Amino acid sequence: MTAARRLATTRALLDQPTPAPVPGQTAIPLAALAVLEAAETDATDLREDDHARATRVATYLASSGWTITPA
């Protein structure tokens, strides 16, 4: 892909309207993404099911100082 094409694609994505909020959905601070990615990577490497994956993500977030509040 050429640089001009990448720029046009990026511009098109940026020009899209912001999606409407979903009831019950919470914004996640960008700083938490590294923690989420680490938990997801470990869960994938360990071939965990959805429940174990969710527990791992919550544990990683809590151990990194993030507060988890159930919706």
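A salt bridge is taken here as a side-chain nitrogen of Lys or Arg within 4 Å of a carboxyl oxygen of Asp or Glu. In the present model, which is predicted, the side chains of Glu48 and Arg56 meet in such a salt bridge, with an N to O distance of 2.6 Å. Arg56 lies in helix H3, and because buried means under 20% relative accessible area, this arginine, at 19% relative accessibility, counts as buried. When neighbours within four places in sequence are left aside, the contacts of Arg56 comprise Ala39, Asp42, Ala43 and Leu46, together with its salt-bridge partner Glu48.

By the rule stated above, the count of salt bridges comes to two. In the other pair, the side chains of Arg53 and Glu40 meet, again with an N to O distance of 2.6 Å. This pair links distant parts of the chain, since Arg53 belongs to helix H3 and Glu40 to helix H2, with their positions 13 residues apart in the numbering. The two partners can also be described by their accessibility: Arg53 is buried, with a relative accessible area of 19%, whereas Glu40 is partly exposed, with a relative accessible area of 34%.

With regard to the overall fold, the protein chain contains three helices and zero strands, and its elements run α-α-α from the N terminus on. The radius of gyration of the protein chain is 17 Å, well over the 11 Å that the globule rule gives for 71 residues, so the chain is more spread out than a compact globule. Taken along the principal axes, the box filled by the C-alpha atoms is roughly 45 × 30 × 20 Å. Buried residues make up 14% of the 71 residues, and the accessible surface comes to about 6000 Å², of which 62% belongs to carbon and sulfur atoms.

In soluble globular proteins, nonpolar side chains tend to be buried together. In this model, the largest nonpolar core has six residues, namely Ala32, Val35, Leu36, Ala39, Val57 and Leu61. Helix H2 (33–45) and helix H3 (50–63) each supply at least two residues of this core, and the largest share, three residues, comes from H2. Leu36, one of the core residues, is in contact with Val57 and Leu61 and also with Ile28, when its neighbours within four places in sequence are left aside. Ala39, likewise listed in the core, is among the residues in contact with Arg56.

Ile28, the contact of Leu36 that was named last, is found in the loop between helix H1 (3–14) and helix H2. Together with Leu30 and Leu33, Ile28 makes a nonpolar surface patch of about 310 Å². The loop between H1 and H2 is also the place of Pro29, which is partly exposed, with a relative accessible area of 41%. The C-alpha atoms of Pro29 and Asp45 are separated by 25 Å, the two residues being 16 residues apart along the chain.

Definitions and conventions: Residues numbered from 1 in each chain as written. Predicted model: local features only at pLDDT ≥ 70, side-chain atom pairs only at ≥ 80, totals over all residues. Heavy atoms only, no water. Patch = residues over 30% accessible without salt bridge, like charges linked within 9 Å, V, L, I, M, F, W, Y side chains within 5 Å. Areas by Shrake-Rupley, 256 points an atom, 1.4 Å probe, with all protein chains shown as cover. Helix = DSSP H or I, 4+ residues; strand = E, 2+ residues; numbered from the N terminus. Core = buried A, V, L, I, M, F, W, Y, C linked by side-chain atoms within 4.5 Å. Buried < 20%, exposed > 50% of the residue type's maximum accessible area, 1.4 Å probe, protein only. Contact = heavy atoms within 4.5 Å. Rg over C-alpha atoms; globule rule 2.2 N^0.38 Å.
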